[in-house]
Amino acid sequence: EFNFRKVDAMSKVIKDDSRETKLEYLESIHTSSDEMITIKSKGYKRDNLAVQIIKELRGYKCQICGLSIIKKDGNLYAEASHITEKHKKGYERPDNIIVLCPNHHKDFDLGDRVIITRSPKDIVFKLNGKEYRVNLEV
C-alpha cells in the first residue's frame, strides 16, 4: 500500500534539510535494494491505438521544438499529451492530442500554461511566458 505520509515526510526532508544532510544520506546508501513492491492503481482508459496513429501522422516530432528522438532500434520516439486532461473528459482525437518530446511534455503538463485560443484546427498557448501556435490537424 502506498504511504502518502511517507512521501510528505520525504518532501519535507528534501525542502528543509541542508546540503550536507542530503549528501550524508546519499553516502549512506551502500547497496541496491532487492525489495519488491506491488503497486495497485486506477486510471482512465486510453485509446493507445489512436494516440499511436496521431504520433505517426505527425511524424513523431515535437510540435513545439520539431525534434524527434531516435531509439536504438532506429524507430522514432515522441510522447503525447492531452490538451484537455483525461480526468476532465479529454479524449484521444487529433484536436485534443499534442505530440511532444519528453522535455516539452513535462513543460506542457507541469509548467505555467495558458490557452489563448483553441479550435479543432489549432491551439495558441503560452507556456512559461512564451507563446506557441500548434497545428492540430493530421
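1. A residue counts as buried when its relative accessible area is under 20%, and in this predicted model Cys101, with a relative accessible area of 13%, is therefore buried. The same cut-off places Cys62 among the buried residues, because its relative accessible area is 4%.

2. How many disulfides does the model contain? The count comes to 0, and the cysteines just named show how this arises. The closest cysteine sulfur to that of Cys62 belongs to Cys65 and lies 3.6 Å away, which is too far for a bond, because a disulfide needs the two sulfur atoms within 2.5 Å. Cys101 is likewise in no disulfide, since the nearest cysteine sulfur, that of Cys62, is 3.8 Å away.

3. Helix H3 runs through residues 48-57, and its buried residues are Ala50, Val51, Ile54 and Lys55. These residues cover an arc of only 135° around the axis, which puts them on the same side of H3. It may help to recall that an α-helix has 3.6 residues a turn, so residues three or four places apart point the same way. On the face turned away from this buried side, H3 carries the exposed residues Asn48, Leu49, Glu56 and Leu57.

4. Against what do the buried residues of H3 pack? Their partners are two strands, E3 (79-82) and E4 (97-100). After H3 comes Gly59, and the phi angle of this glycine is positive, near 70°.

5. One residue of strand E3 that deserves a careful look is His82, which is buried, with a relative accessible area of 10%. The side chain of His82 is joined to that of Arg46 by a polar contact of 3.3 Å, and it also makes a polar contact of 2.9 Å with the side chain of Glu92. When neighbours within four places in sequence are left aside, the residues in contact with His82 are Arg46, Gly90, Tyr91, Glu92, Asn96, Ile97 and Phe108.

6. Glu92, already met as a polar partner of His82, also forms a salt bridge with Lys86, in which the side chains meet at 3.0 Å, N to O. Are the two residues of this bridge buried or exposed? Glu92 is buried, with a relative accessible area of 11%, and Lys86 also counts as buried, at 15% relative accessibility. A student who expects charged side chains to be found on the outside should therefore check each value against the cut-off, which is under 20% for a buried residue.

7. The count of salt bridges comes to 3, and another of them joins Arg113 to Glu85, with the closest N and O atoms 3.8 Å apart. Arg113 lies in strand E5 (residues 113-118), whereas Glu85 lies in the loop between E3 and E4, so the pair ties together parts that are 28 residues apart in sequence. Glu85 counts as partly exposed, at 27% relative accessibility.

8. A further salt bridge is found where the side chains of Arg133 and Asp122 meet, again with a distance of 3.0 Å, N to O. This pair links distant parts of the chain, for Arg133 is in strand E7 (residues 130-135) and Asp122 is in strand E6 (residues 122-127), 11 residues apart. Arg133 is exposed, with a relative accessible area of 59%, whereas Lys86, in the bridge with Glu92, counts as buried.

Note on methods: Residues numbered from 1 in each chain as written. Predicted model: local features only at pLDDT ≥ 70, side-chain atom pairs only at ≥ 80, totals over all residues. Heavy atoms only, no water. Buried < 20%, exposed > 50% of the residue type's maximum accessible area, 1.4 Å probe, protein only. Helix = DSSP H or I, 4+ residues; strand = E, 2+ residues; numbered from the N terminus. Arc of directions from axis to C-beta. Contact = heavy atoms within 4.5 Å. Salt bridge = Lys/Arg side-chain N within 4 Å of Asp/Glu carboxyl O. Polar contact = N/O pair within 3.5 Å; in protein donor to acceptor, adjacent residues only side chain to side chain.
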